[in-house]
Amino acid sequence: MRDVLSRVGDKWTMLVLLTLAEAPHRFSQVQRAIPDISKRMLSQTLQTLERDGLVLRQVFATKPPSVEYRLTELGCSLFEPLTALVRWVERSHSSIRAARQDYDTSS
């Protein structure tokens with residue numbers, strides 16, 4: 001169980017999944033949506049998500065070949081709990097920042 005929680009909790013995984021939840025994307029589209037991720041890290045993250053069955057990589061026979069990434073049914077099923085977590089973060093972010101500031105000031 002720890003390996004799955006570690007993967008889902010990874011910051012790049014969350015951002016890639018949220019990006020692909022909107023619609024299927026090509027590699028360059030995902031990279032533009034997450035500008036601070038390196039090509040290498042994006043490639044590794046997509047490969048891992050594909051291995052875990054959360055993302056489907058589809059190659060189109062064009063010249064040059066184009067590749068599109070989309071969520072699988074399993075990947076889509078992650079969004080109910082993930083959406084709840086994102087909503088909690090949005091509601092709690094200012095409180096967490098204030099607590100950090102209080103802690104840093106008193107330490």
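1. Welcome to this structure. The protein chain has six helices and three strands. Please keep in mind while reading that this is a predicted model. Followed along the sequence, the elements of the protein chain come in the pattern α-α-β-α-α-β-β-α-α. The protein chain is more spread out than a compact globule, because its radius of gyration is 17 Å, well over the 13 Å that the globule rule gives for 107 residues.

2. The overall dimensions are next. Along the principal axes, the C-alpha atoms of the protein chain fill a box of roughly 60 × 25 × 25 Å. About 7900 Å² of the protein chain is exposed, and carbon and sulfur atoms supply 53% of that area. Of the 107 residues in the protein chain, 28% are buried. If you take the contacts between residues at least 6 apart in sequence, 43% of them join residues at least 24 apart.

3. The sheet is a good place to start looking. Its three strands are arranged in the order E1-E3-E2, and the sheet is open with antiparallel pairing. Strand E1 (25–26) and strand E2 (55–60) are the edge strands, each pairing on one side only. As general background, strands of a sheet pair through backbone hydrogen bonds, in either a parallel or an antiparallel way.

4. Now for the pairings themselves. E2 and strand E3 (residues 66–71) run antiparallel and are joined by six bridges. Among the partners, phenylalanine 60 is bridged to serine 66 in E3, and leucine 56 to arginine 70 in E3. On the other side, E1 pairs with E3 over two bridges, also in the antiparallel sense. Here histidine 25 has tyrosine 69 of E3 as its bridge partner.

5. How enclosed is E3 by the rest of the structure? E3 is largely enclosed, because five of its six residues are buried. Helix H2 (residues 11–22) lies across E1, E2 and E3, and runs at about 95 degrees to E3.

6. The turn from E2 to E3 deserves a look. These two strands form a hairpin, with five residues between them. Proline 64 lies in this loop between E2 and E3. A cis peptide bond joins lysine 63 to proline 64, with omega at about -10 degrees. For background, most peptide bonds are trans.

7. Valine 55 is a helpful residue to click on. Valine 55 belongs to strand E2, and it counts as buried because its relative accessibility is 3%, with under 20% as the cut-off for that label. Beyond its neighbours within four places in sequence, valine 55 is in contact with Leu17, Leu20, Leu49, Glu50, Tyr69, Arg70, Leu71 and Thr72. Valine 55 and leucine 74 are 19 residues apart in sequence, and their C-alpha atoms are 8.4 Å apart in space.

8. Finally, what does threonine 72 contact, leaving aside its neighbours within four places in sequence? Threonine 72 touches Gly53, Leu54, Val55 and Leu56. This threonine 72 sits in the loop between E3 and helix H5 (73–77). A polar atom of the threonine 72 side chain lies 3.0 Å from the backbone nitrogen of glycine 75.

Key. Residues numbered from 1 in each chain as written. Predicted model: local features only at pLDDT ≥ 70, side-chain atom pairs only at ≥ 80, totals over all residues. Heavy atoms only, no water. Pairing = 2+ DSSP bridges. Helix = DSSP H or I, 4+ residues; strand = E, 2+ residues; numbered from the N terminus. Contact = heavy atoms within 4.5 Å. Axes fitted to C-alpha atoms, helices over the stretch in contact; angles between N-to-C directions. Rg over C-alpha atoms; globule rule 2.2 N^0.38 Å. Buried < 20%, exposed > 50% of the residue type's maximum accessible area, 1.4 Å probe, protein only. Areas by Shrake-Rupley, 256 points an atom, 1.4 Å probe, with all protein chains shown as cover. Polar contact = N/O pair within 3.5 Å; in protein donor to acceptor, adjacent residues only side chain to side chain.
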